[in-house]
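This report goes through one chain, from model confidence to strand pairing and ring contacts.

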Amino acid sequence: MATKVMEVVKNLDLKRYMGRWYEIASFPSRFQPKDGVDTRATYTLNSDGTVHVLNETWCNGKRGFIEGTAYKADPNSDEAKLKVRFYVPPFLPIIPVTGDYWVLYIDEDYQYALIGQPSRRMCVVFEMDEFLVHRCEIMMKILSRRTCLDDEIYNQLVEKAKEEGYDVSKLHKTPQSDSPPESEDSPEDTKGIWWIKSILGK
């Protein structure tokens with residue numbers, strides 16, 4: 001049976017897409033701590049057209065974060081197919097990691113979105129010296145401008161993900177506080193153990 005061609009948003013307005021997005025649900029990933037809460041992403045448009053990415057999550061009251069850069073995979077395409085590059089581990093950023101970031105759906109007011117990856121698996125590439133190390137796992141996220149999402153909208157996005165070929169039974173809701181923590185008021189998690197495990201494939 002042929003795999004359905006994944007539909008991607010066209011003519012995404014990057015300026016409107018900027019700002020903070022809360023992770024409402026996602027597939028469990030070894031690229032994030034298992035007990036992470038209040039997970040969110042903040043996007044800022046750079047002067048060269050690329051996007052500064054700040055991913056944050058909290059574990060046991062401590063803030064873990066990583067910064068990276070997103071850019072269009074094909075500058076001449078009108079599809080919202082982006083590449084995201086980080087350097088890991090966060091506490092000693094020396095290894096480049098690149099992955100795909102496709103916007104599969106976004107509402108007209110840019111208030112909630114469905115994010116996925118072309119093969120329906122997150123395949124990132126660790127560039128270590130002259131070797132490329134691939135780590136793959138399922139990747140899909142539901143994002144919202146608010147810390148909560150109406151059940152009707154959430155279910156619509158889940159159904160959309162199902163239509164795109166995802167096994168939505170593996171979807172996990174991300175705990176979010178009614179009052180999101182402030183980055184500057186939170187002690188930092190300086191261990192970054194999950195990033196070491198991700199590199200080793202644990």
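The text below covers confidence, the annotated domain, one strand and its partners, and selected side-chain pairs.

This is a predicted model, in which local features need pLDDT of at least 70, side-chain atom pairs count only at pLDDT 80 or more, and totals for chains, interfaces and linings use all residues. Residues are numbered from 1 along each chain as its sequence is written, and side-chain values use heavy atoms, with hydrogens and water left out.

**Confidence and annotation**

pLDDT is the predictor's confidence in each residue, from 0 to 100. The protein chain has a mean pLDDT of 82, with 76% of its residues at 70 or more. Among its elements, helix H1 (residues 14–17) has the highest mean pLDDT, 97, and strand E8 (residues 122–128) the lowest, 39. Helices (H or I, at least four residues) and strands (E, at least two) are DSSP runs, numbered from the N terminus. Two segments stay under 50; contact here means heavy atoms within 4.5 Å.

| Segment with pLDDT under 50 | Contacts beyond four places in sequence |
|---|---|
| residues 121–137 | 60 contacts |
| residues 194–202 | 26 contacts |

UniProt, in an unreviewed entry, lists residues 12–123 and 142–176 for "domain: Lipocalin/cytosolic fatty-acid binding". Its positions are given in the numbering used here, feature names are shortened, and annotations may be inferred rather than shown by experiment. Residues 142–176 are 37% helix and 14% strand, and their end C-alpha atoms lie 13 Å apart.

**Strand E7 and its partners**

Strand E7 spans residues 112–116, and 5 of its 5 residues are buried (under 20% relative accessible area with a 1.4 Å probe, protein chains only; exposed is over 50%, partly exposed in between). In a regular strand the side chains alternate between the two faces of the sheet. In E7, Tyr112, Leu114 and Gly116 point one way, while Ala113 and Ile115 point the other way.

Two strands pair if DSSP finds at least two bridges between them. E7 runs antiparallel to E6 (residues 95–106), joined by 4 bridges, and tyrosine 105 has leucine 114 of E7 as its bridge partner. The hairpin of E6 and E7 has 5 residues between the strands, and tyrosine 110 takes a positive phi near 55° there. E7 also pairs with strand E10 (residues 141–144), again antiparallel and over 4 bridges. Here leucine 114 stands opposite isoleucine 142.

**Rings and charges**

The structure holds 4 aromatic pairs. Rings of Phe, Tyr and Trp (its six-membered ring) pair if their centres lie within 6.5 Å; planes under 30 degrees apart count as stacked, over 60 as edge-to-face and the rest as tilted. Tyrosine 17 and tryptophan 21 are a tilted pair because their ring planes stand at 35°, with centres 5.1 Å apart. Both tyrosine 17 and tryptophan 21 are buried. Tyrosine 43 and tyrosine 101 have ring planes at 85° and centres 6.1 Å apart, so they form an edge-to-face pair. This pair links distant parts of the chain, 58 residues apart: tyrosine 43 is in strand E2 (residues 37–45) and tyrosine 101 in E6. Tyrosine 43 is buried at 8% relative accessible area, and tyrosine 101 is buried at 11%. Tyr17, Trp21, Tyr43 and Tyr101 form one aromatic cluster.

A charge sits over a ring if NZ of Lys or CZ of Arg is within 6 Å of the ring centre and within 35 degrees of the ring normal. Arginine 63 lies over the face of phenylalanine 65, 4.2 Å from the ring centre. Lysine 173 has its charged end over the ring of tyrosine 154, 4.4 Å from the centre.
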